[in-house]
Amino acid sequence: MRVVSLVPSLTEAVAETVPGALVGATDWCTHPAELDVTRIGGTKNPDLDGLLALAPDLVIANEEENRVPDLAALRSAGVEVLVTEVRDLPQAFRELARVLTACGARGRPRWLDEAEEAWSGPPPTVRATAVVPIWRRPWMVLGRDTFAGDVLARLGVDHLYATHPDRYPRVPLDELRARRPDVVVLPDEPYRFTADDGPEAFEGIPAALVSGRHLTWYGPSLREAPRVLAEALRAAHR
């Protein structure tokens, strides 16, 4: 089985579960760090000719991260493309199992059971409200039906745009501040928020700088995500 992954979290999942199956991945596929495969560009602008030259049996993609025209072009070239849809944690676990089976996994990997166990507890009864920017210039935040929003809800954080008509609405900064959330959650991807770039826009509101990989990736990182994210959220109030 020769697999090309266009999704960083799926790259990590396949690399850990089916060693040797991956022959290509995007430039954004940073985990595992030692992954030695051909790089075929970004998730939104893959080098399709380079990808096809790898003669993959399967390309794994995601309906949100990858562009429909690129996936259609691959199918037109005769390549099988598996497209995932992940809007919440249970769906992530189902899609991971489906992808790994398609990539030749011999049974369910231990890390997937460990990840499900890590998230099996009841959500906290004490809740906090949040806004969750994913970009600035312009400011964009989590909206409806997002995996990251579901992850935060399971940690006791309800983001204030969960019922917005858009999944990633553009919202003026003044409006975000006016909502007076208990915390602003600032991930380090897709926009790289840091201690010096982001919190200053929300003066007087606690800011939680969180790992984007643990907030938005669905793969082996889900094992430690509850602990890592909870620690970052607690640190915002110290």
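In this predicted model, Glu 12 has contacts well beyond its sequence neighbours. With neighbours within four places in sequence left aside, Glu 12 is in contact with His 31, Pro 32, Arg 213, Trp 217, Pro 220 and Ser 221. Glu 12 itself belongs to helix H1, which spans residues 8–17. Its relative accessibility is 6%. Glu 12 therefore counts as buried, since the limit for that class is under 20%.

Two of these contact partners, His 31 and Pro 32, are also joined by a cis peptide bond. Omega of that bond is about -5 degrees. Pro 32 is placed in the loop between strand S2 (22–25) and strand S3 (38–39). Another cis peptide bond runs from Glu 189 to Pro 190. Here omega is near 5 degrees. Pro 190 sits in the loop between S10 and S11.

That loop also takes part in aromatic pairing. Five aromatic pairs are counted in the model. One of them is formed by Trp 139 and Phe 193. Their ring centres are 6.0 Å apart, and the planes differ by 15 degrees. The pair is stacked, because planes under 30 degrees apart fall in that class. The two residues come from distant parts of the chain, 54 residues apart. Trp 139 is in the loop between strand S7 (133–135) and strand S8 (140–141). Phe 193 is in the loop between strand S10 (183–187) and strand S11 (207–210). Both rings belong to buried residues: Trp 139 has 11% relative accessibility, and Phe 193 has 3%.

Trp 139 pairs with Phe 202 as well. In this case the centres are 5.4 Å apart and the planes stand at 85 degrees. The arrangement is edge-to-face, because the angle is over 60 degrees. Phe 202 lies in the loop between S10 and S11, and Trp 139 in the loop between S7 and S8. The pair therefore ties together parts that are 63 residues apart in sequence. Phe 202 counts as buried, with 0% relative accessibility. Trp 139 and its two partners belong to a cluster linked by ring pairs. The members are Trp 135, Trp 139, Tyr 191, Phe 193 and Phe 202.

An aromatic ring also meets a charged side chain. Arg 179 lies over the face of Tyr 161. The distance to the ring centre is 5.0 Å.

Helix H4 (residues 89–102) packs against other helices. The axes of H4 and helix H5 (residues 110–118) come within 11 Å. They cross at roughly 180 degrees. H4 is therefore roughly antiparallel to H5, as angles over 145 degrees are assigned to that class. On the H4 side, Phe 93, Leu 96, Ala 97 and Leu 100 make the contact. On the H5 side, Trp 111, Leu 112, Ala 115 and Glu 116 do so. By class, this contact has seven nonpolar residues, one charged residue and no polar ones.

H4 also meets helix H6 (residues 147–154). Their axes come within 9 Å and cross at roughly 120 degrees. This crossing makes H4 oblique to H6. The angle is neither over 145 degrees nor within the 65 to 115 range, so neither the antiparallel nor the perpendicular class applies. Leu 89, Pro 90 and Ala 92 of H4 meet Phe 147, Asp 150 and Arg 154 of H6. By class, the contact of H4 with H6 has four nonpolar and two charged residues, with no polar ones.

Positive phi values occur in two loops. Ala 55 has phi near 50 degrees, a positive value in a residue other than glycine. Ala 55 is found in the loop between helix H2 (48–53) and strand S4 (58–62). At 46% relative accessibility, Ala 55 counts as partly exposed. Arg 137 has phi near 60 degrees, again a positive value in a residue other than glycine. Arg 137 lies in the loop between S7 and S8, where Trp 139 is also placed. Arg 137 has 61% relative accessibility and therefore counts as exposed. Trp 139, in contrast, counts as buried at 11%.

Terms used
Residues are numbered from 1 along each chain as its sequence is written. This is a predicted model: local features need pLDDT of at least 70, side-chain atom pairs count only at pLDDT 80 or more; totals for chains, interfaces and linings use all residues. Side-chain values use heavy atoms; hydrogens and water are left out. Rings of Phe, Tyr and Trp (its six-membered ring) pair if their centres lie within 6.5 Å; planes under 30 degrees apart count as stacked, over 60 as edge-to-face and the rest as tilted. Helices (H or I, at least four residues) and strands (E, at least two) are DSSP runs, numbered from the N terminus. Buried means under 20% relative accessible area, exposed over 50%, partly exposed in between (1.4 Å probe, protein chains only). A charge sits over a ring if NZ of Lys or CZ of Arg is within 6 Å of the ring centre and within 35 degrees of the ring normal. Axes are lines fitted to C-alpha atoms, for helices over the stretch in contact, and angles run from 0 to 180 degrees between N-to-C directions. Angles under 35 degrees count as roughly parallel, over 145 as roughly antiparallel, 65 to 115 as roughly perpendicular and the rest as oblique. Contact means heavy atoms within 4.5 Å. Ala, Val, Leu, Ile, Met, Phe, Trp, Tyr, Cys and Pro count as nonpolar, Asp, Glu, Lys and Arg as charged, and the others, Gly among them, as polar.
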